[in-house]
Amino acid sequence: MSKYMTFDVGTTAIKTCIFDENLRMLAKCTDEYDLITEGSHVELCPETYWQTMRNAVRRIGESHDLSDVKSICLTTQGETMIPVDKGGNALSNALVWLDDRAGKEAFEVSAALERMAQKSGMPSGQKFLFETTGLPEMNGYVPVAKFLWFKNERPEIYEKTSKFLLLEDYLIMRLTGKMVSEKSLLTSTAWFDIRRDRYWSELLCELSLNEEKLPETVECGSVIGGVTADAATELGIPSSVRVVAGAMDQIAAAIGGGGLRNGVVTATVGTAMVMTSAVPEENAFKDDLMTVYRGYKKGQYVLLPFTSTAGVVFKWLKDTVFAADAAECKKTGESIYDRLCNMAATVPAGAYGVTLIPYFCGTSRPRNLPGSKGVFFGLDLGSGREVLVRATLEGIGNMIRENLDMLRDFGVRIENVQFFGGGSKNAVWNQIIADISDAKLVKPAEEECGSLGAAILAKYGVGDCDSIESAQDCNPAVSEIIPDPAMREIYDAAYDRYQKLFDAVEVLF
């Protein structure tokens with residue numbers, strides 16, 4: 001029986017999984033690590049990623065036979081980058097995607113974009129950036145700005161660097177000895193042209209950045225090569241294992257969740273809220289404030305509505321107002337989030353008019369308000385804690401509705417929403433979201449959709465399935481949450497109040 005090993009490398013943890021030939025998960029372990037932060041600098045020693053992977057595989061190998069692992073595939077966060085020399089040795093810590101040190105360089109890149117826009121007849125540099133890369137803005141988080149930062153601020157490292165690798169690239173190099181980068185991961189670098197499916201040589205030239213310091217590009221799902229003898233020994237896996245190029249974390253999750261099909265939208269509600277929807281090219285670039293990703297194949301464009309504060313607002317409420325309850329639940333083993341959702345169920349829909357704006361850390365879409373903050377409105381002396389919980393759940397539901405409405409405005413036909421993440425684990429909240437958004441929520445059998453997406457690519461890469469599309473059938477729906485028609489009028493009125501509140505306070509942001 002063939003097995004497929006996956007690594008889902010997140011910001012502060014790696015999920016290591018084994019899937020069987022039917023793409024059923026056989027094993028999973030999650031290992032965390034602490035980032036190194038100082039001001040706007042957010043780093044991690046590259047060896048930490050590798051050692052975390054190695055230890056996880058060895059631990060899984062204690063209880064599972066790894067001799068029949070056929071291929072490995074990784075899915076990682078975007079933007080994290082690591083400079084390496086010709087021997088593959090890291091020349092600095094990884095600059096994690098949260099790192100905002102390159103703000104000055106972002107202004108330089110923006111100025112270069114303006115010059116290029118004037119020459120090409122584009123109305124602005126920002127528009128030129130979007131039309132070429134799918135990115136709505138340039139800032140210090142974007143890898144091309146960090147590429148320039150190394151040239152400006154760390155010239156000795158820049159000169160020694162053979163390749164600037166993204167995180168998946170680096171780990172593939174540790175496995176295979178080869179320096180390559182897959183194209184969905186390159187989407188968010190700003191040095192990749194997703195229309196022409198190649199490096200944006202013109203921008204790199206304008207910035208005097210050496211394109212030869214970037215690795216060869218490969219397709220998602222393509223075989224990079226076999227593991228090296230050293231890697232096989234370190235991990236305790238056969239030297240016959242093949243390494244397959246993965247996909248950026250959100251694209252992998254969309255593959256695993258079946259979200260890159262017509263009429264299907266995925267929604268992940270965790271700390272943040274992320275949606276994905278595959279659209280034709282003529283719809284993808286209609287609004288230059290909506291991020292567009294390259295999918296797992298050329299010509300596949302994926303809209304990516306994103307809000308930075310979704311489940312984290314619920315966590316904030318738990319940590320502030322319900323700290324004592326959380327401590328009690330920790331002792332008894334009860335889920336604090338289930339307790340809070342049960343409290344919310346005692347409050348009628350509409351939360352007695354109490355309304356939450358959940359954009360605690362700004363938003364770019366549907367409203368371009370980077371300075372927005374959270375707002376509770378409508379509290380009176382009779383408002384109990386349970387009302388705050390209900391208003392919080394409904395506020396995040398309103399956020400999801402306005403993002404779904406935005407996709408509908410783009411011409412996306414939404415038949416159902418593949419729904420996963422921490423926010424999908426409670427039936428009360430699920431029903432609230434379905435009722436507010438007037439959309440059927442579908443929960444897949446396997447909730448680790450990022451890992452499953454990587455497993456699908458791993459299986460496809462070694463020729464064990466005909467297509468990525470057909471392999472997605474391995475994750476059927478196990479439950480559906482249908483909107484309650486009786487709630488439509490109540491939630492329409494609550495949503496109208498939410499929008500009017502946002503209109504009223506917008507000037508304050």
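Ring pairs tie Phe147, Trp149, Phe150, Tyr158, Phe164 and Trp191 together into a cluster, and that is a good place to start looking around this predicted model. The count of aromatic pairs in the model comes to 19. Take tyrosine 158 and phenylalanine 164, two members of the cluster: their ring centres lie 6.1 Å apart and their planes meet at 35 degrees, so the pair is tilted. If you colour the model by accessibility, you will find tyrosine 158 buried, and phenylalanine 164 buried as well.

For another ring geometry, turn to helix α19, which holds both tyrosine 498 and phenylalanine 502. The two are four residues apart, about one turn of the helix. Their rings form an edge-to-face pair, with 6.2 Å from centre to centre and 75 degrees between the planes. How accessible is tyrosine 498, buried or exposed? Its relative accessible area is 0%, so tyrosine 498 is buried. Phenylalanine 502 has a relative accessibility of 1%, and therefore counts as buried too.

Some rings have a charged partner instead. The charged end of arginine 401 sits over the ring of tyrosine 495, at 4.0 Å from its centre. Elsewhere, arginine 195 lies over the face of phenylalanine 285, and here the distance to the ring centre is 3.6 Å.

Now let us look at the empty space. Rolling a probe the size of a water molecule over the atoms shows where such space is left. Two cavities of 30 Å³ or more turn up in the model. The largest cavity holds about 40 Å³ of space, and its lining brings together Gly350, Val354, Thr355, Leu356, Ala391, Glu394, Gly395, Asn398, Ala494 and Arg497. Which elements each supply at least two residues of this lining? They are β21 (355-357), α15 (385-409) and α19 (488-505). Helix α15 gives the largest share, with four residues. In character the lining is mixed: four of its residues are nonpolar, four are polar and two are charged.

The second largest cavity holds about 30 Å³ of space. Around it you will find Ala267, Ile400, Leu404, Val417, Phe419, Ile433 and Leu441. Helix α15 appears here again, since α15 and β23 (416-420) are the elements that give two or more residues to this lining. By class, the lining has seven nonpolar residues, with no polar and no charged ones.

A pocket comes next. The second largest pocket has a volume of about 160 Å³. Its lining is made up of Gly257, Gly258, Arg261, Val264, Asn416, Gln418, Val442, Gln472, Asp473, Asn475, Pro476 and Ala477. What is the make-up of this lining by class? Six of the residues are polar, four are nonpolar and two are charged.

Let us finish with a single residue, threonine 189, found in the loop between α7 (183-186) and β11 (192-193). Although threonine 189 sits in a loop, its relative accessibility is 0%, so it counts as buried. What surrounds threonine 189, leaving aside its neighbours within four places in sequence? Its contacts are Leu135, Val142, Pro143, Val144 and Leu166.

Note on methods
Residues are numbered from 1 along each chain as its sequence is written. This is a predicted model: local features need pLDDT of at least 70, side-chain atom pairs count only at pLDDT 80 or more; totals for chains, interfaces and linings use all residues. Side-chain values use heavy atoms; hydrogens and water are left out. On a 1 Å grid over the protein atoms alone, a cavity is a set of points where a 1.4 Å probe fits but cannot get out, and a pocket is an open set with protein on both sides within 12 Å along at least five of seven lines; lining residues have an atom within 4 Å of a point. Grid points are joined across faces, edges and corners, and a volume is the space filled by probe spheres set on the points. Ala, Val, Leu, Ile, Met, Phe, Trp, Tyr, Cys and Pro count as nonpolar, Asp, Glu, Lys and Arg as charged, and the others, Gly among them, as polar. Rings of Phe, Tyr and Trp (its six-membered ring) pair if their centres lie within 6.5 Å; planes under 30 degrees apart count as stacked, over 60 as edge-to-face and the rest as tilted. Buried means under 20% relative accessible area, exposed over 50%, partly exposed in between (1.4 Å probe, protein chains only). A charge sits over a ring if NZ of Lys or CZ of Arg is within 6 Å of the ring centre and within 35 degrees of the ring normal. Contact means heavy atoms within 4.5 Å.
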